[in-house]
Amino acid sequence: MSQSYETLLLSTDELGICTLTINRPDKMNALNNQVFEELDAALTHIIENDAIKGLIVTGAGDKAFVAGADISELNTLKEEEAVTLSLRGQRVFQKLEDLTIPAIAAVNGYALGGGCELAMACHIRIASSNALLGLPEVSLGLIPGYGGTQRLPLQVGKAKALELTLSGRFVKADEAQNIGLVNQVAENSALEASYDLMKAMMKQGPLALKNVLLATKEAGKDSGYESEANLFGDLYNTADFKEGTTAFLEKRKPTFTGK
Ligand code: COA
């Protein structure tokens, strides 16, 4: 199955793993208006398509994941337009974070500004050894506008987030892993390592994956433990729960149907 976009490549394999590639390699995959519109549409397609069970987001070429918002579009905006642009970016990235299938960012090079924010909106990040991540907006006289000031502190703690956001400093892959910004640094390709991890997830019960994502969204909220109990209980009505526990007792591998 494939969809056609001008700035994205989207393809889904037989396991239901969809790879979404931001495809403006001559502009370091910078996020312009068209990318955002197409990303929004692609996420709707992914949400509505039950055959898609996992998402990997990456950038075209071997230099950049995404080198940020398209600066040529940023510098002509007026205040109100800038607020609208920020709100749209936040909404589209929230739509990505709210997916109820796993989303992994294969960070294959520069992930700067909006690119780092895009990676942080994915549930998991795997970096190539040449990856460089950062929020350099202050160097443009701006602040991150697509959720970066909110998500980075959750990833790395407030003090480290402020250090990076106030200095605009880039971190290499190893440091990004040490501070918890990326989950792992791939020995070879970030895309391959992301695919391997996603394949392991695809063997699990899809409804359980969904409920892990829903429950984890509530982490840190007052309602978190209650949500976890309800989402745990929900699964008792599913065929996947019966299959998973029966297969264990029968010493065989489960065959999940997502029902
Ligand atoms: N917006 C628009 N265009 C961008 C871009 C961005 N965020 N990042 C890179 N590009 C474009 C460059 O303008 C250049 O286009 P051109 O060939 O038409 O001149 C092309 O991508 C290649 O980039 P270049 O700067 O020549 O590559 P490099 O290897 O020397 O440097 C970067 C790579 C990523 C370090 C550098 O492009 C950069 O600093 N980009 C901006 C990063 C940033 O501030 N992002 C936050 C934005 S909010």
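Okay, let's start with a helix contact: Leu152, Pro153 and Val156 in α5 meet Lys158, Lys160, Ala161, Leu164 and Thr165 in α6. If you sort the residues of that contact by type, you get 5 nonpolar, 1 polar and 2 charged. And just so everyone's on the same page, this is a predicted model.

Now the geometry. Two packed helices are described by the angle between their axes and the distance between the axes. Here, α5 covers residues 148-156 and α6 covers 158-167, and their axes come within 7 Å, crossing at roughly 130 degrees. So that puts α5 oblique to α6. As for handedness, α5 passes α6 in a right-handed crossing.

Next up, the sheet. We've got an open one with 4 strands, in the order β5-β7-β9-β10, and the pairing is mixed. Which strands stand at the edges? Those are β5, 64-66, and β10, 171-172; each has a single partner strand, so one side of each is left without a neighbour in the sheet. β10 pairs with β9, residues 132-134, in the antiparallel sense, over 2 bridges. If you want a spot to look at there, Leu132 stands opposite Lys172 in β10.

Last thing, backbone oddities. Most residues other than glycine have a negative phi. Asn29 has a positive one, near 60 degrees, and sits in the loop between β3 (17-22) and α1 (33-48). Lys251 is positive too, with phi near 55 degrees, in the segment after α11, which is 239-249. Buried or exposed, then, for Asn29? Asn29 is buried, at a relative accessible area of 0%. Lys251, on the other hand, counts as exposed, with 78% relative accessibility.

How values were computed
Residues are numbered from 1 along each chain as its sequence is written. This is a predicted model: local features need pLDDT of at least 70, side-chain atom pairs count only at pLDDT 80 or more; totals for chains, interfaces and linings use all residues. Side-chain values use heavy atoms; hydrogens and water are left out. Axes are lines fitted to C-alpha atoms, for helices over the stretch in contact, and angles run from 0 to 180 degrees between N-to-C directions. Angles under 35 degrees count as roughly parallel, over 145 as roughly antiparallel, 65 to 115 as roughly perpendicular and the rest as oblique. A crossing is left-handed if the near helix is turned anticlockwise from the far one by less than a right angle, and right-handed if clockwise. Contact means heavy atoms within 4.5 Å. Ala, Val, Leu, Ile, Met, Phe, Trp, Tyr, Cys and Pro count as nonpolar, Asp, Glu, Lys and Arg as charged, and the others, Gly among them, as polar. Two strands pair if DSSP finds at least two bridges between them. Buried means under 20% relative accessible area, exposed over 50%, partly exposed in between (1.4 Å probe, protein chains only).
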